[in-house]
Amino acid sequence: MEHSDALQKQVNRLILMLKEEGFSRAAHMLWHSILENLNCDCVIIACTDISVCLNAEANPKHIVFLDSNKMLAEATYKLYLEIENSSD
């Protein structure tokens, strides 16, 4: 999928909305609109503000989301367990 200025503007608007209002009805509707207009199989969520949207919405298009925030938390936890187990 090529970069789209229109999509980027929607995402920027969503981020601002989430910062100002949280996951409001307007943010929910904008997120839904963004999902409906995506034509891809996978999306990388590199903005921690957008992570809240992933748990709040069904995924009718079955898009795979790679959430950098979640992946970092899982990797940190895994490393912690490895360090904890190696000190025994």
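**Figure 1. The largest nonpolar core of the predicted model****.** This core holds 18 residues. Leu14, Trp31, Leu38 and Ile50 have the most contacts inside it. Helix 1, helix 2, strand 1 and helix 3 (residues 51-56) each give two or more residues to the core. In soluble globular proteins, nonpolar side chains tend to be buried together.

**Figure 2. The largest pocket and the residues closest to its centre****.** The largest pocket encloses about 340 Å³ of space. Its lining is made up of 20 residues, and Leu7, Val11, Leu38, Val43 and Ile44 are the ones closest to the centre. Rolling a probe the size of a water molecule over the atoms shows where empty space is left.

**Figure 3. The lining of the largest pocket, by element and by class****.** At least two lining residues come from each of helix 1 (5-21), helix 2 (25-37) and strand 1 (42-45). Helix 1 contributes the most, with 4 residues. Sorted by class, the lining has 16 nonpolar residues, 3 polar residues and 1 charged residue.

**Figure 4. Cys47 and Cys53, two cysteines without a disulfide****.** A disulfide is a covalent bond between the sulfur atoms of two cysteines. The whole structure contains 0 disulfides. For Cys47, the closest cysteine sulfur is that of Cys53, at 9.2 Å, which is too far for a bond because a disulfide needs the two sulfur atoms within 2.5 Å. Cys53 is likewise in no disulfide, as its nearest cysteine sulfur is that of Cys47. Cys53 has a relative accessible area of 0%, so it counts as buried, a term for values under 20%.

Note on methods:
Residues numbered from 1 in each chain as written. Predicted model: local features only at pLDDT ≥ 70, side-chain atom pairs only at ≥ 80, totals over all residues. Heavy atoms only, no water. 1 Å grid on protein atoms, 1.4 Å probe; cavity = no way out; pocket = protein on both sides within 12 Å on 5 of 7 lines; lining within 4 Å. Points joined across faces, edges and corners; volume = space filled by probe spheres on them. Nonpolar A, V, L, I, M, F, W, Y, C, P; charged D, E, K, R; others polar. Core = buried A, V, L, I, M, F, W, Y, C linked by side-chain atoms within 4.5 Å. Buried < 20%, exposed > 50% of the residue type's maximum accessible area, 1.4 Å probe, protein only.
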